[in-house]
Amino acid sequence: MPRQFFEEALDQSEVKSQIVADYFGAWTTIMASKSRSEKLAYIDLFSGPGRYSNGTKSTPLKVVEQIIAHPILKEKMVVLFNDADSEFANNLHTQLIQLPGIDNLRHKPQVFNSVVGDEMAEQLEKTSLVPSLGFIDPWGYKGLSSRLIAALIKDWGSDCIFFFNYNRINMGLTNPVVVEHMNSIFGEKRADWLRGKVRKMLPEEREQTILNELAEKLSNNRKNYVLPFRFIRAGGERTSHYLILVSKHVLGYTIMKNIMYRYSSEHNDGVASFSYIPVSNRQLSLLSLYDRPVDNLADDLCHCFAGKSLNVQQIHDLHHINTPFVMANYKEALRRLELNQRVTCDPCKRRVINGIKSMADHVIISFPQ
């Protein structure tokens, strides 16, 4: 990783770090109560030095501070950091041992200095992991592989968040020098298909195709949930990279979706872009959604659930996968349908807050045939 990357905390890096830290907090809250394992693990394979040169904390320190502050996690959490740069690894170790309360952890964070590649993926494949959250954040693409991601999430309760440098991978797909790296990410057959397919595509179509094929590869025949968050190049209009969650459970997908919703820099009719645009680029409109997307959601719900009666939670759970919509969007769509007498709600009489009728999760919605 180029050292200049850590010379300052760019707003994009800060948002990325905060998304990971927020998901770590939500994931550990669930795992601490549901897992029967005596241990939980956080595995960061490209950790960096812990701080930017201006003193801003990067992801490793934010994660460990959460562990120190949590009475259960400080007893159960095992933390493994790694960076191939020995200076970064040493700096991170120094930063960790200086954290207030670090001596109260039952399992002290471990920092390794290894190159990430097939050997590490093979080792993880052979190891039965406790519930683990893996984080893969390489500067480019070296070390990133679908095999490594699959190894990190193979065991119960384990999720993975990774950095997908779209700009460099987009260029690498048609570069014969890095064929093996691209094959390790997409799989050889899929990568070969992409090389032939994307050459003549326009940029937006090319990006969508690459992301779709990546998601298909990681979904493992739709057994896993894949959720990307897009970052735009500072000073430009095109994608820089994505932060992507891979989870075997819909709950992880739903939690991360709500976190990414909060950090999206644009919303249209209350629907998030699932993108972050640097402040200097904020005039760009990146929502690839039609005008009034909640009205379109309402129409789709009427079509999907015609003749059925379900509660609000059931409607959300059955519909929201692979859409940009979160629960708040569904409740607003259902309020509009009720107001326009396109559905009936039970109970009909509900609290009105600031002039808006409430729409609790248990309210039954009946759609006409």
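1. Axes, as the word is used in this note, are lines fitted to C-alpha atoms, for helices over the stretch in contact, and angles run from 0 to 180 degrees between N-to-C directions. Helices (H or I, at least four residues) and strands (E, at least two) are DSSP runs, numbered from the N terminus. The structure is a predicted model, in which local features need pLDDT of at least 70 and side-chain atom pairs count only at pLDDT 80 or more, while totals for chains, interfaces and linings use all residues. Residues are numbered from 1 along each chain as its sequence is written, and side-chain values use heavy atoms, with hydrogens and water left out.

2. With those terms in hand, consider a pair of helices: the axes of α1 (residues 11–34) and α11 (residues 250–263) come within 10 Å and cross at roughly 150°. The crossing of α1 past α11 is right-handed (the near helix is turned clockwise from the far one by less than a right angle; anticlockwise would be left-handed). On the α1 side the contact (heavy atoms within 4.5 Å) involves Val15, Gln18, Ile19, Asp22, Tyr23, Ala26, Ile30 and Lys34, and on the α11 side Leu251, Gly252, Ile255, Met256, Ile259, Arg262 and Tyr263. Sorted by type, the residues of this contact are 10 nonpolar, 2 polar and 3 charged, where Ala, Val, Leu, Ile, Met, Phe, Trp, Tyr, Cys and Pro count as nonpolar, Asp, Glu, Lys and Arg as charged, and the others, Gly among them, as polar.

3. Turning to the strands, an open sheet of 8 strands follows the order β3-β2-β1-β4-β5-β7-β6-β10, and its pairing is mixed (two strands pair if DSSP finds at least two bridges between them). The edges are taken by β3 (110–112) and β10 (275–276), and because each has a single partner strand, one side of each is left without a neighbour in the sheet. Strands of a sheet pair through backbone hydrogen bonds, either parallel or antiparallel.

4. Several pairings in this sheet can be followed strand by strand. Strand β5 (residues 159–164) is joined to β7 (residues 239–247) by 5 bridges, the two running antiparallel, and Phe163 stands opposite Leu243 in β7. Strand β6 is likewise antiparallel to β7, with 8 bridges between them, and here Arg230 stands opposite Tyr242. The pairing of β6 with β10, by contrast, is parallel and covers 2 bridges, with Tyr276 in β10 as the bridge partner of Phe231.

5. How much of β6 is buried? The count is 6 of its 8 residues, so β6 is largely enclosed by the rest of the structure; buried means under 20% relative accessible area, exposed over 50%, and partly exposed in between, with a 1.4 Å probe and protein chains only.

6. Two helices lie across strands of this sheet. Helix α2 (residues 59–69) lies across β1 (40–44), β2 (77–82) and β4 (132–136), and runs at about 170° to β2. Helix α10 (residues 203–219) lies across β5, β6 (225–232) and β7, at about 20° to β7. Leu211 belongs to α10 and counts as buried because its relative accessibility is 9%. Apart from its neighbours within four places in sequence, Leu211 is in contact with Phe164, Tyr166, Pro228, Tyr242 and Ile244. Of these contacts, Pro228 is 17 residues from Leu211 in sequence and 8.6 Å away in space, C-alpha to C-alpha.

7. Helix α5 (residues 118–126) can be read by its two faces. Met120, Ala121 and Leu124 are buried in α5, and they lie on the same side of the helix because they cover an arc of only 100° around the axis (the arc is that of the directions from the helix axis to the C-beta atoms). The buried residues of α5 pack against β2 and α6 (146–153), whereas the face turned away from the buried side carries the exposed residues Asp118, Glu119, Gln123 and Lys126.

8. There is also an open sheet of 3 strands, in the order β11-β15-β12, with antiparallel pairing. Its edge strands, β11 (309–311) and β12 (344–346), each pair on one side only, and neighbouring strands are turned by 25° against each other on average, direction ignored. Strand β12 is joined to β15 (residues 364–366) by 3 bridges, and Thr344 stands opposite Ser366. Helix α13 packs on this sheet, touching β11 and β15, and its direction makes about 95° with that of β11.

9. A last point concerns His316, which lies in α13 (residues 312–319). His316 counts as buried because its relative accessibility is 4%. Leaving aside neighbours within four places in sequence, the contacts of His316 are Thr254, Val326, Met327 and Tyr330.
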